[in-house]
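Subject: Structure handover, with notes on what was found

Dear colleague,

I am passing the structure below on to you, and I would be glad if you could read the notes that follow with the model open beside them.

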Amino acid sequence: MAEPGARPHAGVRIEGEGFLLRAWRQDDLASLLQHADDPQVPRGLSDRFPHPYTRADGEAFLAGRVVDFAHPVFAIDIDGEACGGIAARPHVGEKAHSAELGYWLGRRHWGCGYMTRVVAAYLDWVVPALGLVRIEANVLDTNPASARVLEKNGFVEEGCRRSALRKPDGLHDLRLFGRVRVG
C-alpha cells in the first residue's frame with residue numbers, strides 16, 4: 001500500500017490527439033480554479049466537486065485531501081493548461097478487479113470530442129496498469145453527453161438507480177455504465 005500523499009503515477013504522461021494526461025501539479029491552481037469555478041461544470045458531478053469552487057477547494061484538491069493521489073488521478077492538459085481531470089478509483093477485496101471511472105472538463109472545451117478521446121486513451125493505459133477486468137461509471141440523468149462518451153468507449157448501460165441523488169433542483173436518477181474486458 002502506498003504512503004499517504006504518495007503519487008506513484010506522477011511520472012505517467014499519456015499523449016492524445018490535442019491533449020496530454022499527466023499528474024496534477026501545484027502550479028495548476030490558477031487553471032483549476034478558472035475551469036472548475038463554473039456553475040455548469042459540477043451539475044453532473046458528485047458533491048466532492050463543490051460550487052462555487054474556491055481557492056481553498058483547489059488547494060485541498062492539489063494537496064490530496066479530496067481524492068487519493070495514490071490512485072491514477074490525472075489532469076487533462078489542453079494547450080499547456082490543466083482544464084479537467086480523469087481518475088479511476090480501484091475497488092478492494094472481492095471487487096479488486098474493477099474500478100470506478102470519473103472525469104470532468106472545463107466548459108470551454110465541451111462539444112469538441114475531447115472527452116471521448118481522453119477516456120479512450122486513459123482506459124488504454126489504466127486497464128492494463130491496474131490489471132482491471134471491469135470499469136464502471138455513474139452518470140446523472142441530466143448529463144446525456146457523458147453517457148455518449150461512455151457508449152463510444154464500449155460501455156453498456158447496466159441499470160438505473162432511481163432518485164439516487166439530491167441536487168439543488170431536486171432528486172435525480174443515476175445511470176450505471178460498465179465495460180468488461182473479455183479474454
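Which residues form one aromatic cluster with W24? The cluster is made of W24, F61 and F69. Please keep in mind throughout that this is a predicted model, and that every value quoted here was computed from it.

**Aromatic pairs**

The structure holds 7 aromatic pairs, and I describe two of them in detail. The ring centres of W24 and F61 are 5.2 Å apart and the planes stand at 90 degrees, so this pair is edge-to-face, given that an angle over 60 degrees counts as such. The pair links distant parts of the chain, since W24 sits in the loop between β2 (19-23) and α1 (29-36), while F61 belongs to helix α2 (residues 55-62), 37 residues apart. W24 has a relative accessibility of 4% and therefore counts as buried, and F61 is buried as well, with a relative accessible area of 10%, because the limit for buried is under 20%.

A further edge-to-face pair is formed by F74 and Y122, with 5.9 Å from centre to centre and 80 degrees between the planes. F74 is part of strand β3 (residues 73-78) and Y122 of helix α3 (residues 114-130), so this pair ties together parts of the chain that are 48 residues apart in sequence. F74 is buried at a relative accessible area of 1%, and Y122, with a relative accessibility of 0%, counts as buried too.

**Surroundings of F69 and the cavity**

F69, a member of the cluster with W24 and F61, also has a charged neighbour, for R7 lies over the face of its ring at 3.8 Å from the ring centre. R7 and F69 appear again in the lining of the largest cavity, which also includes P8, H9, A10, A23, W24, H71, P72, V73 and F74. The lining thus brings in W24 and F74, each of which has a place in one of the two pairs described above. By type, the lining residues divide into 8 nonpolar, 2 polar and 1 charged. The space in this cavity comes to about 60 Å³, and the count of cavities of 30 Å³ or more is 1.

**Helices α1 and α2**

Helix α1 is mostly covered, with 6 of its 8 residues buried, namely L29, S31, L32, L33, H35 and A36. These buried residues of α1 pack against α2, β4 (81-90) and β5 (98-105). In α2 the buried residues are G58, A60, F61 and L62, and they pack against α1 and β3. Just after α2, G64 takes a positive phi of about 85 degrees.

D57 is also found in helix α2, but at a relative accessible area of 23% D57 is partly exposed. Leaving aside residues up to four places away in sequence, D57 touches P50 and P52. In contrast, D57 and L45, which are 12 residues apart in sequence, lie 15 Å apart in space from C-alpha to C-alpha.

**Backbone points to check**

P52, the contact of D57 just mentioned, is found in the loop between α1 and α2, and the peptide bond that leads from H51 to P52 is cis, with omega near -5 degrees.

Which values of phi are positive in residues other than glycine? One case is D79, with phi near 55 degrees, which has its place in the loop between β3 and β4 and is exposed, with a relative accessible area of 75%. Another is S163, where phi is positive at about 50 degrees. S163, however, lies in a strand, β7 (residues 156-167), and at 44% relative accessibility S163 counts as partly exposed.

If you go through the model yourself, the cluster of W24, F61 and F69 could serve as a starting place, with the cavity lining that includes W24 and F69 to follow.

With best regards

Note on methods. Residues numbered from 1 in each chain as written. Predicted model: local features only at pLDDT ≥ 70, side-chain atom pairs only at ≥ 80, totals over all residues. Heavy atoms only, no water. Phe/Tyr/Trp six-rings, centres within 6.5 Å; stacked < 30°, edge-to-face > 60°. Helix = DSSP H or I, 4+ residues; strand = E, 2+ residues; numbered from the N terminus. Buried < 20%, exposed > 50% of the residue type's maximum accessible area, 1.4 Å probe, protein only. Lys NZ or Arg CZ within 6 Å of the ring centre and 35° of its normal. 1 Å grid on protein atoms, 1.4 Å probe; cavity = no way out; pocket = protein on both sides within 12 Å on 5 of 7 lines; lining within 4 Å. Points joined across faces, edges and corners; volume = space filled by probe spheres on them. Nonpolar A, V, L, I, M, F, W, Y, C, P; charged D, E, K, R; others polar. Contact = heavy atoms within 4.5 Å.
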